[in-house]
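Here are some exercises to work through with the viewer open. Try each task before you read its solution.

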Amino acid sequence: MQLSTHTDYALRLLIYLAIADDESPATVHDAAARYRVSAHHMAKVAQTLVQLGHVNSRRGRGGGLSLARPADTIDVGALVRQTENLTLLECFGPNSTCPIDPACRLKGLLGRAQNAFLETLDGHTIAELVGNAAELRALLRPENDVALTQE
């Protein structure tokens, strides 16, 4: 299984928001800078997370992003299901044109593998992923960029 960049960034943004201090609003630009990823792509991810009800967005001065609900209620498996296209192969969709589809055992095997992958993620929350929040905050500090560029 390979997750899309969209899902990867969604998980990263949720982690970032879960460890963010409440003193200043978290922004898409800051999150993208901390992870060294495209701010444009992160903005699309943030929009998706707002639409899904995982993130609140406030516009204007003093605005920013925050979790819409507690991190211990955001299930990783459910999030992956919401953000991923889980059609592994063309035959997983309703319009399969494969001539062996009715008798194909590969399709069933891959389906079970995908279900096992998702079931492994089920029941794990964003809160679990930030149990080491202090360490994560330290790694995402702006001053780490300076150290990285000097090496």
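**Exercise 1. Which residues in α2 meet which residues in α3?**

First, the ground rules: this is a predicted model, where local features need pLDDT of at least 70, side-chain atom pairs count only at pLDDT 80 or more, and totals for chains, interfaces and linings use all residues. Residues are numbered from 1 along each chain as its sequence is written, and side-chain values use heavy atoms, with hydrogens and water left out.

Step 1: list the partners. V28, A31, A32 and Y35 in α2 meet A39, M42, A43 and A46 in α3; contact here means heavy atoms within 4.5 Å.

Step 2: sort them by class. You get eight nonpolar residues, no polar and no charged ones (Ala, Val, Leu, Ile, Met, Phe, Trp, Tyr, Cys and Pro count as nonpolar, Asp, Glu, Lys and Arg as charged, and the others, Gly among them, as polar).

Step 3: look at the geometry. Helix α2 covers residues 28–35 and helix α3 residues 39–51, and their axes come within 9 Å and cross at roughly 125 degrees (axes are lines fitted to C-alpha atoms, for helices over the stretch in contact, with angles from 0 to 180 degrees between N-to-C directions). The two helices are therefore oblique to each other (under 35 degrees is roughly parallel, over 145 roughly antiparallel, 65 to 115 roughly perpendicular, and the rest oblique).

Step 4: check the loop between α2 and α3, where R36 sits. R36 isn't a glycine, yet its phi is positive, about 60 degrees. Most residues other than glycine have a negative phi.

**Exercise 2. Lay out the chain's secondary structure.**

Step 1: count. The protein chain has eight helices and two strands (DSSP runs numbered from the N terminus: H or I of at least four residues for helices, E of at least two for strands).

Step 2: read along the sequence, and the pattern is α-α-α-β-β-α-α-α-α-α.

Step 3: get the extent. The C-alpha trace spans about 60 × 35 × 30 Å along its principal axes.

**Exercise 3. Describe how α4 packs against α5 and α1.**

Step 1: take α4 (residues 76–83) and α5 (residues 105–121), whose axes come within 6 Å and cross at roughly 130 degrees. That pair is therefore oblique. On the α4 side the contact uses V76, G77, V80 and R81, and on the α5 side L118, E119 and L121. Those split into four nonpolar, one polar and two charged residues.

Step 2: turn to α1 and α4, which pack at about 140 degrees with axes 9 Å apart. So α1 is oblique to α4 as well. H6, T7, A10, L11 and L14 of α1 touch V76, L79, V80 and T83 of α4, giving six nonpolar, three polar and no charged residues.

**Exercise 4. Characterise the two largest pockets.**

Step 1: the largest pocket holds about 340 Å³ of space. It is lined by 13 residues, with Y16, A20, D21, S24 and L140 nearest its centre. By class the lining has seven nonpolar, one polar and five charged residues.

Step 2: the second largest pocket holds about 160 Å³. Its lining includes A26, T27, V28, S57 and R58, and the classes come to three nonpolar, five polar and two charged.

Step 3: mind the method. On a 1 Å grid over the protein atoms alone, a pocket is an open set of points where a 1.4 Å probe fits, with protein on both sides within 12 Å along at least five of seven lines, and lining residues have an atom within 4 Å of a point. A volume is the space filled by probe spheres set on the points, which are joined across faces, edges and corners.
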